[in-house]
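Colleague: I'm new to this one and would like a close look at a single part. Could you take me through how the helices pack there?

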Amino acid sequence: MINFLYLPLTIALFIAAKHLQQRLSVTWLNPVLITLTILVIALLALDIPFNDYNQYSGWLSKLLEPAVVALGVPLYKQLHEIKKELPRIIITIIVAATVAISTTVAMALLVGATPEIAASLAPKSVTTPIAVLISEQIAGQPALTAIAVVITGLVGAVVGIPVLKLCGVHSSKAQGIAMGTACHALGTARIAEEGHQHGAYGALALVLSATFSAMLCPLIVPLFA
């Protein structure tokens, strides 16, 4: 019977976490992070297998795809301005994706990770469905890649904007591109809360970063073998 409560409890928990963040205005109280932490603790404490939980609430994950599509709305509203800057944006994201993949693999190998683990971490800045496919293509572990993607998104959603401001990056366009490129859908959803222009450039960066990473990973990762 409790199985049917997994979904409404998860949604209620997220809404409560969202209200808590809005009330306290504390950046690190990210609703996704709070919800995920409480769920993990509850599943472990009650000895509930993840497969059981996922069977009754898994369709929430399927909403990720239409949620990403919904990010196209602010992108469409800023389309006229984006067209004028598209070449510079493309070059920026290609460089950013190259640096992200190269430094991730290099650092993983430097601390003693196996080539398989390093390859699994390479697409960590790409949205999960595409990252998993990239991981399979470069002989990584898709499950490990999925975990790395979630951690990257959560960390980016919590510390991304404060770090950008600390570095003197206050442009809404630059912040959007940085968040969409570095921390995929979770980062884009977070930056979209700052304004329509933030969200539009974040959504564009999310799509372009995933596209270029899918092309660059098979070229870059073997160079470290």
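Modeller: Let's go straight to H11 and H12: these two helices are roughly perpendicular to each other. This is a predicted model, and in it helix H11, residues 172-192, packs against H12 at an angle of about 70°, with the axes 6 Å apart. An angle from 65 to 115 degrees counts as roughly perpendicular, so that's where the label comes from. The crossing of H11 and H12 is right-handed.

Who touches whom? On the H11 side, the residues in contact include Gly176, Ile177, Gly180, Thr181, His184 and Ala185, and on the H12 side they include Gln197, Tyr201, Gly202, Ala205 and Ser209. Sorted by class, the contact of H11 with H12 has eight nonpolar, 12 polar and one charged residues.

Now look at what else H12 packs against. H7 meets H12 at an angle of about 45°, and their axes are 8 Å apart. That angle makes H7 oblique to H12. The crossing of H7 and H12 is right-handed. Among the H7 residues making the contact are Ile82, Leu86, Ile89, Ile93, Ala97 and Ile101, while H12 brings residues such as Tyr201, Leu204, Leu208, Phe212 and Leu216. Here the classes come out as 17 nonpolar, five polar and two charged.

That leads to the largest nonpolar core, which has 31 residues. Its members that touch the most other members are Ile82, Ile89, Ile93, Ile101, Ala122, Ile138 and Val221. Helices H7 (79-110), H8 (115-121), H9 (128-137) and H12 (196-220) each supply at least two residues of this core. H12 gives the most, with 12 residues.

For a single residue to zoom in on, try Ile89. Setting aside its neighbours within four places in sequence, Ile89 is in contact with Ile82, Ile177, Tyr201, Leu204 and Leu208. You've met Ile177 already, as one of the H11 residues that meet H12, and Tyr201, Leu204 and Leu208 are among the H12 residues in the contact with H7.

For contrast, pick out Ser61, which lies in helix H4, residues 59-62. Is Ser61 buried or exposed? Its relative accessibility is 51%, and exposed means over 50%, so Ser61 counts as exposed. Ser61 and Ile93 are 32 residues apart in sequence, and their C-alpha atoms are 27 Å apart in space. Ile93, remember, is one of the core residues touching the most other members.

How values were computed: Residues are numbered from 1 along each chain as its sequence is written. This is a predicted model: local features need pLDDT of at least 70, side-chain atom pairs count only at pLDDT 80 or more; totals for chains, interfaces and linings use all residues. Side-chain values use heavy atoms; hydrogens and water are left out. A nonpolar core is a set of buried Ala, Val, Leu, Ile, Met, Phe, Trp, Tyr and Cys residues joined through side-chain atoms within 4.5 Å. Buried means under 20% relative accessible area, exposed over 50%, partly exposed in between (1.4 Å probe, protein chains only). Helices (H or I, at least four residues) and strands (E, at least two) are DSSP runs, numbered from the N terminus. Contact means heavy atoms within 4.5 Å. Axes are lines fitted to C-alpha atoms, for helices over the stretch in contact, and angles run from 0 to 180 degrees between N-to-C directions. Angles under 35 degrees count as roughly parallel, over 145 as roughly antiparallel, 65 to 115 as roughly perpendicular and the rest as oblique. A crossing is left-handed if the near helix is turned anticlockwise from the far one by less than a right angle, and right-handed if clockwise. Ala, Val, Leu, Ile, Met, Phe, Trp, Tyr, Cys and Pro count as nonpolar, Asp, Glu, Lys and Arg as charged, and the others, Gly among them, as polar.
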